[in-house]
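Reader: I am in my first year and still learning to read protein models. Could you take me slowly through one part of this one, the pocket, and then the pieces around it?

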Amino acid sequence: MSPDDLKVALSSGLLSFPVTHFDTDGALSLDTYRRHVEWLSGFEASVLFAAGGTGEFFSLSPEEVGSVTRAAKEASGSVPIVTGCGYGTELAKDVARRAEAAGADGLLLLPHYLIGAPQEGLFRHIKAVCQATDLGVVVYNRSNSVVNADTLARLADACPNLIGFKDGTGQISLVREISAKLGDRLCYIGGMPTHELFAEAFNAAGVTTYSSAVFNFVPALAVRFFKAMRAGDRATMEAILKDFFYPFATIRDRQTGYAVSIIKAGAAIVGQAPGPVRPPLTDLTDEERGMLAALIEKNA
């Protein structure tokens, strides 16, 4: 898929990140992963992201990122696959090449490793990764990697395959400045944890699509919420927020790292067998799984 075609696909509908499946020993479980991706591809996601944040990119080796990407492409049918990429510049370039060789349609560039960096350093890092691949690249503002509008404009000029911007900071003023400055040069994606809680505000800032983690286990509900947002149907949005997303967030917030763990638990509850999370994350307790199961049953 060309960068321009990927940009159109990313802008056209709801996005999601399939969790990465492991067996009880923590090894990749690609057969169950393929089945999960195939199931999700039957719903209305316009792009799926392999080995993203919800897919535990941070716990995967570069080789495993390639294997997960290949498995996702085998199972997704006509749905494009964007692969997570990140860490230091040389490692990120290596992951980018592996993902491209495995058939990825694009890359999501996650934050670099550990240390803070000035805008010039971020510019050089992102430019180097973009130049290491022919794939379309989406920059993810989050944590220690936050580019400003001027830096992103420089990158767009220097890197024709930079086609998207995703925000996980919640800094609406920065997001709006970026969308105003870059216009239709990029597509804009919401990436806050459980982004549905923020979707209406981001939509007003020009971020008309987002990645839905709960699509992993309640895809029909996730699509219904997304369509309500696009239609300006506040009554439907508020009903789903009150009945599902606010109670869901209460469980999620019981423990650090549960933004990923609770998605894997949800996928297991609906029969997708994703296995446990890898350390340093921890799985939900039996009590919390019961709370989540009741919430899914009520809203499925």
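Author: Happy to; here is a walk from the pocket to the helices and then to the sheet.

A word on the ground rules comes before the tour. This is a predicted model, so local features need pLDDT of at least 70 and side-chain atom pairs count only at pLDDT 80 or more, while totals for chains, interfaces and linings use all residues. Residues are numbered from 1 along each chain as its sequence is written, and side-chain values use heavy atoms, with hydrogens and water left out.

Let's start with the pocket. Rolling a probe the size of a water molecule over the atoms shows where empty space is left. Here a pocket is an open set of points, on a 1 Å grid over the protein atoms alone, where a 1.4 Å probe fits and protein lies on both sides within 12 Å along at least five of seven lines; lining residues have an atom within 4 Å of a point. The largest pocket holds about 820 Å³ of space, a volume being the space filled by probe spheres set on the points, which are joined across faces, edges and corners. Its lining has 34 residues, and Gly53, Thr54, Phe58, Leu110 and Arg142 lie nearest the centre. Two elements, helix H10 (234-252) and helix H11 (258-269), give two or more residues to this lining. Helices (H or I, at least four residues) and strands (E, at least two) are DSSP runs, numbered from the N terminus. By type, the lining has 19 nonpolar, 12 polar and 3 charged residues. Nonpolar covers Ala, Val, Leu, Ile, Met, Phe, Trp, Tyr, Cys and Pro, charged covers Asp, Glu, Lys and Arg, and the others, Gly among them, are polar.

H11 deserves a closer look: with 4 residues, H11 gives the most to the lining. The helix has 12 residues and reaches 16 Å from its first C-alpha to its last, close to the 16 Å expected; that expected span is 1.5 Å times one less than the number of residues. Of the 12 residues of H11, 9 are buried, so this helix is largely enclosed by the rest of the structure. Buried means under 20% relative accessible area, exposed over 50%, and partly exposed in between (1.4 Å probe, protein chains only). Among the buried ones are Tyr258, Ile262 and Lys264.

Now set H12 (residues 286-299) beside that. In H12, Glu288, Leu292, Leu295, Ile296 and Asn299 are buried. Seen down the axis of H12, these buried residues fall within an arc of 100°, so they line one face of the helix; the arc is that of the directions from the helix axis to the C-beta atoms. On the other side of H12, Asp286, Glu287, Glu297 and Lys298 are exposed.

Last comes the sheet. Its 8 strands form an open sheet in the order S1-S2-S3-S4-S5-S6-S7-S8, with parallel pairing; two strands pair if DSSP finds at least two bridges between them. Strand S1 (14-16) and strand S8 (209-210) are the edge strands, each pairing on one side only. S1 and S2 run parallel and are joined by 3 bridges, with Ala45 in S2 as the bridge partner of Leu14. All of S2 is hidden: 6 of its 6 residues are buried, so the strand is largely enclosed by the rest of the structure. Further along, S3 and S4 pair in the parallel sense over 4 bridges, and Cys85 stands opposite Leu109 in S4.
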